[in-house]
Amino acid sequence: MADAQTVFETHRKLLFTLAYDMLGSVADAEDVVQDTWLRWVRVDQEQVRNPRSYLVRIAVRRSLERLRGLRVSREEYVGPWLPEPPAPDADDPVSSADSVTTGLLVVLETLSPLERAAFVLREAFGFEHAEIGRILDRSPAAVRQLTHRAREHVHARRPRFTADPAQARRVAERFVAAAVGGSLAELIEVLAPDVTLWNDGGGRVRAALRPVLGAAKVGRLLARVGPQYAELRVRWVPGPVPACLLVAGDGVRAALTMEADASGTRIQEVYGLVNPDKLAHLSR
């Protein structure tokens, strides 16, 4: 049988991604992975029939404990809360492309901890209801109810449509160029009429304290603040939707995620993260 560390390393990426999807925080996900390791090395490996399920169960339960503790701090957060972007994985672009989107993570924040766990395990990782039940100590029927409620909640807030990735990337590039160039006319042209901008400064950097709705308001705001980022390098990162980092020297100053509308010709959602506390790990 493989030693404890070899088995753990085989599943480390799965554990981190699962914890990140549960928590939306890189630091908290890393803590969950470390806690999982510390518990794993204390068990009798010979008695574990399915190491993957065992490790996932530990990670999910630790994530649930931490998620319940994070609820209060996020309710007191200054302005819209956005998840920390994970560091782009140059060695594993496929993994980055398969990650959960920022917009979905924002919606998952509105689920109960158990609904979020069931949804992530079922929808993002494809676990069967019976296995999820063993992880959460719930019956398969209860898990089906949890996943059904979560799916309805998510789909009501995020209708499913898929824009062509190449076209979405092109429109995102036009959007970023218009924003940092301060061109209101070009912004209005590339924004969907009912676009929403989420701007997370966390009280550390000046940012909108509520989501900004509509092309006119979003366009005016970005035309005013965008040019301050004009001298920064734009680094596009892999993923299911267009995303980029705005970099000065070795430091990341902002992270943008953009989702196109169904036609792929206009930007429907913009998630702008400028809270330096949530960007520090990218600079490292």
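How many salt bridges are there between domain 1 and domain 2? The count is zero. Welcome to this predicted model, whose chain is assigned a domain 1 at residues 4-156 and a domain 2 at residues 165-282. The points below begin with how these two parts meet, then turn to the charged and aromatic pairs.

**Two domains and their contact**

- Taken over C-alpha atoms, the centres of domain 1 and domain 2 are 27 Å apart. Domain 1 brings 21 residues to the contact, and domain 2 brings 26 residues.
- About 1800 Å² of area is buried between domain 1 and domain 2, and carbon and sulfur atoms give 71% of this area.
- On the domain 1 side, Pro-80, Leu-82 and Pro-88 lose the most area to domain 2, and together they make up 32% of what that side buries.
- Salt bridges do not add to this contact, as the count between domain 1 and domain 2 is zero.

**An annotated stretch**

- UniProt, in an unreviewed entry, places the feature "domain: RNA polymerase sigma factor 70 region 4 type" at residues 105-153.
- In the model, residues 105-153 are 78% helix and 0% strand. The C-alpha atoms at the two ends of this stretch are 13 Å apart.

**Salt bridges**

- The structure has a count of 17 salt bridges, and a few of them are worth a visit.
- Arg-12 pairs with Glu-9, with 3.0 Å between the closest N and O atoms. Both residues sit in helix H1 (residues 4-23), three residues apart, so about one helical turn separates them. Arg-12 is partly exposed at a relative accessible area of 36%, and Glu-9 is partly exposed at 37%.
- Asp-137 and Arg-57 form another salt bridge, and their closest N and O atoms are 3.2 Å apart. Asp-137 belongs to the loop between helix H7 (129-136) and helix H8 (140-157), while Arg-57 belongs to helix H3, so this pair ties together parts that are 80 residues apart in sequence. Arg-57 counts as partly exposed, with 33% relative accessibility.
- Glu-65 and Arg-62 are joined by a salt bridge whose closest N and O atoms are 2.2 Å apart. Helix H3 holds both residues, three residues apart, or about one turn of the helix.
- Is Arg-62 buried or exposed? Arg-62 is buried, because its relative accessible area of 13% is under the 20% limit. Its partner Glu-65 is partly exposed, with a relative accessible area of 43%.
- Arg-62 and Glu-65 also belong to a network of salt bridges, in which they are linked with Asp-28, Asp-31, Asp-35 and Arg-66.

**Aromatic pairs**

- How many aromatic pairs does the structure hold? There are four.
- One of them joins Trp-40 and Tyr-54, whose ring centres are 5.9 Å apart and whose planes make an angle of 55°, giving a tilted pair.
- Trp-40 is part of helix H2 (residues 26-40) and Tyr-54 is part of helix H3 (residues 51-75), so the pair ties together parts that are 14 residues apart in sequence.
- Trp-40 counts as buried, at 0% relative accessibility, whereas Tyr-54 is partly exposed, with a relative accessible area of 32%.

Notes. Residues are numbered from 1 along each chain as its sequence is written. This is a predicted model: local features need pLDDT of at least 70, side-chain atom pairs count only at pLDDT 80 or more; totals for chains, interfaces and linings use all residues. Side-chain values use heavy atoms; hydrogens and water are left out. Rings of Phe, Tyr and Trp (its six-membered ring) pair if their centres lie within 6.5 Å; planes under 30 degrees apart count as stacked, over 60 as edge-to-face and the rest as tilted. Helices (H or I, at least four residues) and strands (E, at least two) are DSSP runs, numbered from the N terminus. Buried means under 20% relative accessible area, exposed over 50%, partly exposed in between (1.4 Å probe, protein chains only). UniProt positions are given in the numbering used here, feature names are shortened, and annotations may be inferred rather than shown by experiment. A salt bridge is a side-chain nitrogen of Lys or Arg within 4 Å of a carboxyl oxygen of Asp or Glu. Domain bounds come from an automatic or database domain assignment. Contact means heavy atoms within 4.5 Å. Buried area is the accessible area (1.4 Å probe) that two parts lose on being put together, summed over both.
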